[in-house]
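Thanks for coming, everyone. Please bring up the structure on your screens, and I will walk you through it.

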Amino acid sequence: MPEGISYQDSSFKKVVSLVHPDVRQSFNVLGGVGGSKIEAGTIFGKITSGEDAGKVRPLGLTYITQTEAEAASTFQVADASVLKVGDSIKITADGDALTITAVDTENNTFSIATEDALTATENDEVIVQDGSDEAFAVSVEPINVASATQPVSLLIHGAVYEEAITNLLLATQLASAKSELFARLWFIESY
């Protein structure tokens, strides 16, 4: 470490364990998703349908954080940065497909068309319908988000510290993501 700089001053985040050699691969991350910066330790999903098939994005899952007992067209979620205008989503796996018309990452809300207004319960899953809801890889360094597609290096095989995962997910969503990654990524409980 250079003189005068301590570990605490650094933006370094320990994500990968060196106990098992890791394999990284370059992928194109979808532009305009992830807020202004995607943190190291973010689980990514791979888009499997539509014109963006083959690109990656932060895992296409979040959840409702405020119950809407009356039909609403704007919803508060744990992390709106994983959503973008035009995304087809479902609120719960059994819900109807809806198109997002607005995303507010500062207030963690998204909107749908007024004619599609519906109720939602706290902790209902919000699932992006492009295939990115299935865990694929993990970022090992912060990514500055651009409006256009850009290449990023993601960890596809190795050992990851569980504490380093930054996605805001329900415990069931995180357990499912870890299960989907199990054959390629191993999660170590602590540093």
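**A first look around the model**

Let me start with one residue. Gln 150 counts as buried, because its relative accessibility is 18% and the cut-off for buried is under 20%. Gln 150 belongs to strand β16, which covers residues 150–161. What does Gln 150 touch, once residues up to four places away in sequence are not counted? There are two runs of neighbours to look for. One is Phe 27, Asn 28 and Val 29. The other is Ile 143, Asn 144 and Val 145.

Now, a word on confidence. This is a predicted model. The mean pLDDT of the protein is 89. Residues at 70 or more make up 88% of the protein. Which elements mark the two ends of the range? Strand β8, residues 74–76, has the highest mean pLDDT, at 98. Strand β1, residues 16–17, has the lowest, at 60. Then look at residues 5–10. There pLDDT stays under 50, and the model has four contacts beyond four places in sequence for that stretch. Where pLDDT is low, the predicted coordinates should not be read in detail.

Next, the sheet. Six strands form an open sheet, in the order β6-β13-β9-β10-β11-β8. The pairing is antiparallel. The edges are β6, residues 61–63, and β8. Each has a single partner strand, so one side of each is left without a neighbour in the sheet. From one strand to the next, the twist averages 40°.

Zoom in on one pair in that order. Strand β10, residues 98–104, runs antiparallel to strand β11, residues 109–112, with four bridges between them. Find Ala 102. Opposite it, in β11, stands Ser 111.

Now move to the loop between β8 and β9, residues 88–91 for β9. Val 82 sits in that loop. Is Val 82 buried or exposed? It counts as buried, because its relative accessibility is 4%. Pro 58 is 24 residues away in sequence, yet the two C-alpha atoms are 5.8 Å apart. Leaving aside neighbours within four places in sequence, the contacts of Val 82 include Val 33, Arg 57, Pro 58, Asp 87 and Val 128. Leu 59, Leu 61 and Thr 62 are also among them.

Val 82 brings us to the last stop. The count is one cavity of 30 Å³ or more. The largest cavity holds about 30 Å³ of space. Val 82 helps line it, along with Leu 59, Leu 61, Asp 79, Asn 167, Leu 168 and Leu 169.

That is the tour.

Terms used: Residues are numbered from 1 along each chain as its sequence is written. This is a predicted model: local features need pLDDT of at least 70, side-chain atom pairs count only at pLDDT 80 or more; totals for chains, interfaces and linings use all residues. Side-chain values use heavy atoms; hydrogens and water are left out. Buried means under 20% relative accessible area, exposed over 50%, partly exposed in between (1.4 Å probe, protein chains only). Contact means heavy atoms within 4.5 Å. pLDDT is the predictor's confidence in each residue, from 0 to 100. Two strands pair if DSSP finds at least two bridges between them. Axes are lines fitted to C-alpha atoms, for helices over the stretch in contact, and angles run from 0 to 180 degrees between N-to-C directions. On a 1 Å grid over the protein atoms alone, a cavity is a set of points where a 1.4 Å probe fits but cannot get out, and a pocket is an open set with protein on both sides within 12 Å along at least five of seven lines; lining residues have an atom within 4 Å of a point. Grid points are joined across faces, edges and corners, and a volume is the space filled by probe spheres set on the points.
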